[in-house]
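The exercises below are meant to be worked with the sequence and the coordinates open side by side. Try each task before reading its solution.

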Amino acid sequence: MRIIISNSSPDPIYEQITRQIKSQIISGELKEGEALPSIRRLAMDLQISVITTKRAYEELEKEGFVDTVEGKGSFVAMQNKELLREKKMKIVEDKLAEAVAEARLLGITRAELEEMLGLLFAEKE
Amino acid sequence: MLKILRLEFLFNRRQLFIVLAVFSAYFAYMAGRIASPRLFIVMTSVMVGLSMPFVILGREDKFKTAALVCSLPVRRSTYVLGKYAATWIAIGLGLGYALLLTAALPFSKIAVSEVLGLKTILVSVFLISLIFSVILPFTLRFGFTGVIILLVGTQLLGIVALFIAQLVRVPNNPLRIVLQAVEKGLKTLLHHEPTPGFLLALLAAILALNAFSIFVGWALYARRDL
Amino acid sequence: MMDNAIEIKGLSKAYKGFALEDVTLAAPSGHIMGLIGPNGAGKTTIVKLIMNLIRRDAGEIRLFGLDNRRCEAEVKSRIGFVYDAPRFPEDLRLDTIASALSAFYDRWDEVRFKELLKEFCLPPRQAFKKLSHGMKMKFSLALALAHQADLILMDEPTAGLDPVFRFELLNRLQALIQSERKTVFFSSHITTDLERVADFVTFVHKGRIVFSAAKDSVLESWGVVRAKSDKLRPEDVPEARGHRRTEHSLEVLTSDLAAAGRLLGDRAVCDRASLEDIMFFVSKGNGHA
């Protein structure tokens, strides 16, 4: 599991961690049942506070991505295929919502936005 | 307690050897010059009594070893007791060494048998107790610099007293009175018959002095901010 | 749920010209707490009071749940201390010093100590006075770690150390608290060190505690608000804790960045505060640059 932390990012560190772990779980990089490093181990590796990693893991557990077993550690939770798909959709939906909000602010129309979308998809091929 | 003593010895062993080395010259000189065993006892006692506390306590201010030792799992009372015990052991070493030199040096005018007797030992220990029972609590509380101040202070006081005596034209020089009293006291001690009563009184005085000094030392030290 | 390695309540100590007043803090086990504050704020005094090197005037100090005075020896046998100017008799060799001190600790691990000396590149037969400042610190640390202390208590451990060794030292501290039983408490005025490794931060200023909280929440909630002097006054900023004026601009420290952001919107730039900012503004900030 590779996590990269940026100190200059406006996002709180625990959020950076949760986001990266989430995306690795969703993409399949982190397999179901796989053990995650202990909160203390992770804190030391990332050179951050153990409170931060604890919070990140707690968030992940709340959202159902991770199970923590007392005395054993934390593991990637079994993902319901449907739920997984939903989670993936949610991530992109959130980003799109941001884009839409920004577009509104800047006065970009829906048509222009859809055009942009088309171009971007074409690009990525 | 043993741990403390071992630590004191390890920390101060070099100073102890230096002092003993300096003593060697001094004792050699004294052994050659002094024929009176009584004078020898007094001088040795004063020397040892004055110097050994400094060996055990002298480097504290410089190295803040007090703060170090008191950070160890040791109670302050143990620490204070340890200082006294260590000082007495050092004194024992000093006296033993003095006797050794007296016996060993060929030009020594004093025979060991003259100075080695229960009474002389007790008198010696008593004199030393007198001296260091004052110095030790003072040093524990005020540190090495405090002792310097004490010594210098008493000197100055003596000078001031003399000066005042001159001014006021007191018929009897106060300093001389004090010195005469001390001399008389010493003479009485040294010449007194070594009756069991006298010896026991000495022993009691020694124990009382030390106990009192330890108590005062501990009381002062317990309050000292390190 | 979390036991506290250190619990201080209402601690006070008065000197001529300086007083520590009503200090209350708790350092949870298994974590690193940093004590920050400018020089003279009272950090060293707090550490000395914890070790009972100086007598407190009032208040309570409990270490591992035990009173630090009544159970002095027991408590100290579980503490490894590192003071900012390690003082050992200069002419002694390292192994002699260790020999004198190790006898006092039941849990002294000679093997571990030798390993640490090797790791720190400290020759055991070297005289203490021949060591550089950094090496003296390392020696102090080796001694503190060798007896498997539950609490490592340090006063300005990184002052005067080069960045490389500071980095290593902080790493080592983090490695230490992999065990939940071990706790680290250190005072420093080098805020970046604390920002890196501390779980909790206590800020002391002029003998009083300004805050004692999780480092993350401090860094998330404190902020610096910047604007042109004509657009903003210190009173406009909620929870202002100090400000600084430069020729054209005003900078205000706030302990509630979110509220400031909401209230001031576009009028000012709101950034997160670093521990250094906090220390600076609280210490000096009510005046001109």
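**Exercise 1.** Which kind of contact joins the side chains of D91(C) and R14(B), and at what distance?

*Solution.* Keep in mind that this is a predicted model. Begin by placing D91(C), which is found in the loop between β6 (79–82) and α3 (94–102) of chain C. Next, consider its exposure: the relative accessible area of D91(C) is 15%, and because buried means under 20%, D91(C) counts as buried. Finally, examine the pair itself, where the side chains of D91(C) and R14(B) are joined by a polar contact of 3.3 Å.

**Exercise 2.** Classify P12(A) as buried or exposed, and find what P12(A) touches beyond residues up to four places away in sequence.

*Solution.* First locate P12(A) in the segment before α1 (13–27) of chain A. Its relative accessible area is 15%, which lies under the 20% limit, so P12(A) is buried. Then look across to the other chain: leaving aside residues up to four places away in sequence, P12(A) touches E220(C) and R272(C). As a last step within chain A, compare sequence with space, for P12(A) and T52(A) are 40 residues apart in sequence, while their C-alpha atoms are 9.2 Å apart.

**Exercise 3.** Describe how chain A meets chain C, and state how chain A stands to chain B.

*Solution.* Start with the residues, since 17 residues of chain A are in contact with 19 residues of chain C. Turning to area, chain A and chain C bury about 1300 Å² between them, and 42% of this is on carbon and sulfur atoms. Of the area that chain A buries against chain C, R40(A), M44(A) and Q47(A) supply 48%, more than any other three residues. Now take the remaining pairs: no contact joins chain A and chain B, whose closest C-alpha atoms lie 29 Å apart, whereas chains B and C have the most contacts among the two pairs of chains that touch.

**Exercise 4.** What is the volume of the largest pocket, and which elements supply at least two residues each of its lining?

*Solution.* The largest pocket has a volume of about 870 Å³. Of the 30 residues that line the largest pocket, I39(A), R40(A), K54(A), E70(A) and E180(C) are the closest to its centre. Tracing the lining by element, at least two residues each come from α2 (39–46), α3 (50–62), β2 (66–69) and β3 (73–76) of chain A, and from β1 (4–15) of chain C; α3(A) gives the most, with five residues. Sorting the lining by class gives eight nonpolar, eleven polar and eleven charged residues.

Technical notes:
Residues are numbered from 1 along each chain as its sequence is written. Chains are lettered from A and ligands numbered from 1 in the order in which they are written. This is a predicted model: local features need pLDDT of at least 70, side-chain atom pairs count only at pLDDT 80 or more; totals for chains, interfaces and linings use all residues. Side-chain values use heavy atoms; hydrogens and water are left out. On a 1 Å grid over the protein atoms alone, a cavity is a set of points where a 1.4 Å probe fits but cannot get out, and a pocket is an open set with protein on both sides within 12 Å along at least five of seven lines; lining residues have an atom within 4 Å of a point. Grid points are joined across faces, edges and corners, and a volume is the space filled by probe spheres set on the points. Helices (H or I, at least four residues) and strands (E, at least two) are DSSP runs, numbered from the N terminus. Ala, Val, Leu, Ile, Met, Phe, Trp, Tyr, Cys and Pro count as nonpolar, Asp, Glu, Lys and Arg as charged, and the others, Gly among them, as polar. Buried means under 20% relative accessible area, exposed over 50%, partly exposed in between (1.4 Å probe, protein chains only). A polar contact is a pair of N or O atoms within 3.5 Å; within protein, one must be able to donate a hydrogen and the other to accept it, and residues adjacent in sequence count only if both atoms are side-chain atoms. Contact means heavy atoms within 4.5 Å. Buried area is the accessible area (1.4 Å probe) that two parts lose on being put together, summed over both.
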